[in-house]
Each structure stands twice: as structure tokens, then as C-alpha cells.
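Here is a set of short exercises with worked solutions. Read each task, try it on the structure, then follow the steps.

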Amino acid sequence: MMGSMAQALLVKIGGSLREAGELLDELAGYPGPLILVHGGGPRIGDWLARMGFETRFHRGLRVTPPEQMELVEMVLTTLGKELAAGLSRRGRPAVALSGRDALMLQARVMDKALGRVGEVERVNVAPLQGVLQAGLTPLVAPIGLDEVGPLNINADTAAGAVAGALGLPAVFLTDVVGVLRDPKDPSSRFPVLSRGEAQALIDQGIIAGGMIPKVEAALNALAQGAPWAAVAQGGPGVLEGLLGGALGTRLVG
Ligand SMILES: Nc1ncnc2c1ncn2[C@@H]1O[C@H](COP(=O)(O)OP(=O)(O)O)[C@@H](O)[C@H]1O
Ligand SMILES: CC(=O)N[C@@H](CCC(=O)OP(=O)(O)O)C(=O)O
């Protein structure tokens with residue numbers, strides 16, 4: 001299954017994975033094409049605090065006043081460059097792009113109360129296809145743009161939109177083994193969740209915080225044409241485990 005015909009995948013790398021060394025080994029070794037979207041929430045939080053900004057979240061989305069946008073973009077851009085270098089050193093040449101490049105992530109303000117938080121309006125997939133054709137792995141920072149300037153797009157939201165636009169499976173790699181009934185108990189993983197079940201778990205507060213945009217992005221990707229979508233823990237063996245259905249939580253339409 002992991003031979004030369006290996007499935008192309010859209011993989012979202014959660015910022016929760018921090019150093020991500022073992023995950024980079026895993027991604028570098030994957031035999032099929034990869035399109036990567038990365039987060040960076042924890043590091044953005046560290047830098048905002050260092051610069052004296054308060055930060056708060058609404059349903060897993062960072063409220064982003066315009067004066068914080070430059071710092072958000074700086075952190076995400078730097079992180080992308082680090083990940084691209086890490087993959088390249090492991091033998092998988094990668095380039096870090098931002099959703100602003102070549103107008104890849106055209107976006108609009110999601111809700112004025114959240115500041116410069118964006119939702120994706122249109123994905124321009126041509127630059128990603130060009131990068132793949134050049135034998136490089138693209139890594140996309142979740143920055144979109146509107147007519148005013150850059151927008152902070154949650155990385156899960158961005159990943160779901162790109163997977164939908166490319167018609168690729170959407171894999172959300174994070175620091176937990178999947179969607180859990182009890183966030184402290186890895187054995188409480190849901191192997192499969194339907195849209196209705198996921199919505200009920202959000203309403204009950206069982207799916208909370210950063211897991212909300214992940215599940216919503218997975219369902220959006222499916223609605224827009226992704227063949228499947230799953231949440232799993234980033235680490236050695238995760239892609240094969242997901243493809244074999246043994247790991248993670250699969251969201252189904
Ligand atoms: N029902 C749930 N199952 C698993 N994790 C959950 C759940 N509800 C909330 N979470 C939280 O979501 C986190 C993952 O989201 P987030 O921190 O945004 O990660 P990432 O940076 O990888 O996107 C988990 O570490 C966990 O604290
Ligand atoms: C609007 C919004 O929530 N933007 C996110 C972008 C980064 C991100 O999503 O990173 P993770 O994948 O690590 O959570 C933020 O500012 O944290």
C-alpha cells in the first residue's frame with residue numbers, strides 16, 4: 001500500500017507538536033505526494049505574551065486585533081521556514097509558502113468581533129500544483145488576504161479548505177490520538193464520527209477549544225470534495241496507521 005502509487009495527502013501539522021522532529025521523519029519518509037499546512041498557535045501565544053499582548057480565543061479561534069497581525073504573520077512565516085528546512089534536511093526538499101503568495105488563500109473577515117480572523121473564500125491551487133510538479137513539497141502558512149491586507153486563518157480551517165479544493169484526503173495531526181470522549185483518556189477515542197455526532201459533542205462541550213476548528217474543518221473538507229478526513233496524533237507510523245484505518249478519528253459526512 002505504501003508503494004510507488006502511494007496516495008497524495010493533505011497533512012495539517014499542529015502547532016501543538018512544537019519541535020515535531022519525529023513527525024518530520026515520518027513525513028519525509030512518506031512515499032506519496034504531500035501538501036502540508038502548518039499551525040503555530042502555541043508559539044504565536046508565546047510571542048504575543050512576550051510583546052505584552054493579551055490573547056483570547058473564541059471557539060478555538062484567536063481573536064486578532066489588527067495591531068497583532070504583523071506578529072502573527074512573522075511567527076507563522078518563521079515556523080514554516082524551520083519546518084521546510086527540517087524536511088529538506090531529511091531528504092524531502094520542501095518550500096515554505098504563505099497563503100498570501102500567488103493569492104493562494106483569498107479570504108474575508110469572518111466576524112468583525114474577532115478582528116483580522118479570516119475565513120477562506122477561494123483557494124488558488126495552481127501554485128501548489130506547480131510546486132509539486134517541480135519535485136518540491138509545499139508547506140503553507142495559514143495567512144490569507146483580503147483587499148485590506150493579511151488575515152489570520154486558523155490552520156485547521158485553512159487545511160480543510162485546501163484539501164477540499166484539491167480533492168485530497170485531509171489529515172489533521174495534533175497532540176492527541178483523536179477525538180476523545182474524555183480528553184484525559186486516550187482509550188476513549190472515537191474511531192469514527194458522523195457530522196451529527198460531532199455536532200452533538202460540540203454542543204455538549206465534549207469537543208472543545210482547538211478541537212472545534214479541527215472537526216469543523218474536517219467536515220468542511222468532506223463537503224467540498226475531500227475523499228476522507230481524519231484527526232490523529234503526529235508521530236512515527238501515523239500515516240500508515242491512518243491509511244490502514246487503525247489510528248485516529250475519521251469524520252464521515
Ligand atoms: N474531545 C476532545 N478530544 C480530544 N482533544 C480535545 C477535545 N476537546 C478539546 N480538545 C483539545 O484539543 C487539543 C488539540 O487542539 P490544538 O491545541 O488547537 O492543537 P493543534 O495545535 O494541533 O491544532 C487537544 O490537545 C485537547 O486539549
Ligand atoms: C484564527 C486563528 O485561530 N489562528 C491561529 C493560526 C495558527 C494555528 O491555527 O495554529 P494551531 O494549528 O497550532 O492551532 C492562531 O492564531 O493561533
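**Exercise 1. Find which residue of E14 stands opposite Ser194, and describe its surroundings.**

Step 1. Ser194 stands opposite Val252 in E14. Keep in mind that this is a predicted model.

Step 2. Place the partner in its strand. Val252 belongs to strand E14, which covers residues 249–252.

Step 3. Look at the strands. E12 and E14 run parallel and are joined by three bridges.

Step 4. List the contacts. Leaving aside residues up to four places away in sequence, Val252 touches Val192 and Ser194.

Step 5. Compare sequence with space. Gly196 is 56 residues from Val252 in sequence, yet the two C-alpha atoms are 9.6 Å apart.

Step 6. Decide on burial. A residue needs 20 or more other C-beta atoms within 10 Å to be buried, and 12 or fewer to be exposed. Val252 has 15 such neighbours, so Val252 is partly exposed.

**Exercise 2. Work out the order of the strands in the open sheet, and say which strands stand at the edges.**

Step 1. Write down the order. The open sheet has eight strands: E5-E8-E2-E1-E11-E13-E14-E12. Their pairing is mixed.

Step 2. Find the ends. E5 and strand E12 (192–194) each have a single partner strand, so one side of each has no neighbour in the sheet.

Step 3. Add the turn between neighbours. On average, neighbouring strands of this sheet are turned by 20° against each other, direction ignored.

Step 4. Add a helix. Helix H6 (residues 195–203) packs on the sheet and touches E12 and E14. The direction of H6 makes about 90° with that of E12.

**Exercise 3. Check the sense of pairing, strand by strand.**

Step 1. Take E5 and E8. They run parallel, with five bridges between them. Ala96 has Leu139 as its bridge partner in E8.

Step 2. Move to E2 and E8. They also pair in the parallel sense, over two bridges. Here Val37 has Val140 as its bridge partner in E8.

Step 3. Go on to strand E1 (residues 9–13) and strand E2 (residues 34–38). They run parallel and five bridges join them. Leu9 stands opposite Leu34 in E2.

Step 4. Finish with strand E13 (residues 229–233) and E14. Their pairing is antiparallel, over three bridges. The bridge partner of Val231 in E14 is Thr249.

**Exercise 4. Decide how far strand E8 is enclosed, and sort its residues by direction.**

Step 1. Count the buried residues. In strand E8 (residues 137–141), five of the five residues are buried, so the strand is largely enclosed by the rest of the structure.

Step 2. Recall the usual pattern. Side chains in a regular strand alternate between the two faces of the sheet.

Step 3. Sort the residues. Thr137, Leu139 and Ala141 point one way from E8. Pro138 and Val140 point the other way. All of them are buried.

**Exercise 5. Describe the largest nonpolar core, then follow one of its residues.**

Step 1. State the size. The largest nonpolar core has 80 residues.

Step 2. Name residues with the most contacts inside the core. Among them are Leu10, Ala158, Val162 and Ala218.

Step 3. Follow Ala218. Not counting residues up to four places away in sequence, Ala218 touches Gly160, Ala170, Phe172, Ala229, Val231 and Leu251.

**Exercise 6. Describe the surroundings of the two ligands.**

Step 1. Start with ligand 1. It is surrounded by 18 residues, and the closest are Gly14, Ser16, Thr174, Gly210 and Met211.

Step 2. Sort them by class. The shell around ligand 1 has eight nonpolar, eight polar and two charged residues.

Step 3. Turn to ligand 2. Of the 16 residues around it, Gly15, Gly39, Gly41, Arg62 and Ala155 come nearest.

Step 4. Sort again. Six residues of the shell around ligand 2 are nonpolar, nine are polar and one is charged.

Step 5. Look for elements. Helix H2 (41–50) and strand E4 (61–62) each give at least two residues to the shell around ligand 2.

**Exercise 7. Find what is unusual about the phi of Arg59 and Ala102.**

Step 1. Recall the rule. Most residues other than glycine have a negative phi.

Step 2. Take Arg59. Its phi is positive, about 50°, although Arg59 is not a glycine. Arg59 sits in the loop between strand E3 (57–58) and E4.

Step 3. Take Ala102. Its phi is also positive, about 50°. Ala102 lies in the loop between strand E5 (94–98) and strand E6 (105–109).

Step 4. Check burial. Arg59 has 13 other C-beta atoms within 10 Å, so Arg59 is partly exposed. Ala102 has 14, so Ala102 is partly exposed.

Methods
Residues numbered from 1 in each chain as written. Chains lettered and ligands numbered in written order. Predicted model: local features only at pLDDT ≥ 70, side-chain atom pairs only at ≥ 80, totals over all residues. Helix = DSSP H or I, 4+ residues; strand = E, 2+ residues; numbered from the N terminus. Contact = placed C-beta atoms within 7 Å. Near = placed C-beta within 6 Å. Nonpolar A, V, L, I, M, F, W, Y, C, P; charged D, E, K, R; others polar. Core = buried A, V, L, I, M, F, W, Y, C linked by C-beta atoms within 7 Å. Pairing = 2+ DSSP bridges. Axes fitted to C-alpha atoms, helices over the stretch in contact; angles between N-to-C directions.
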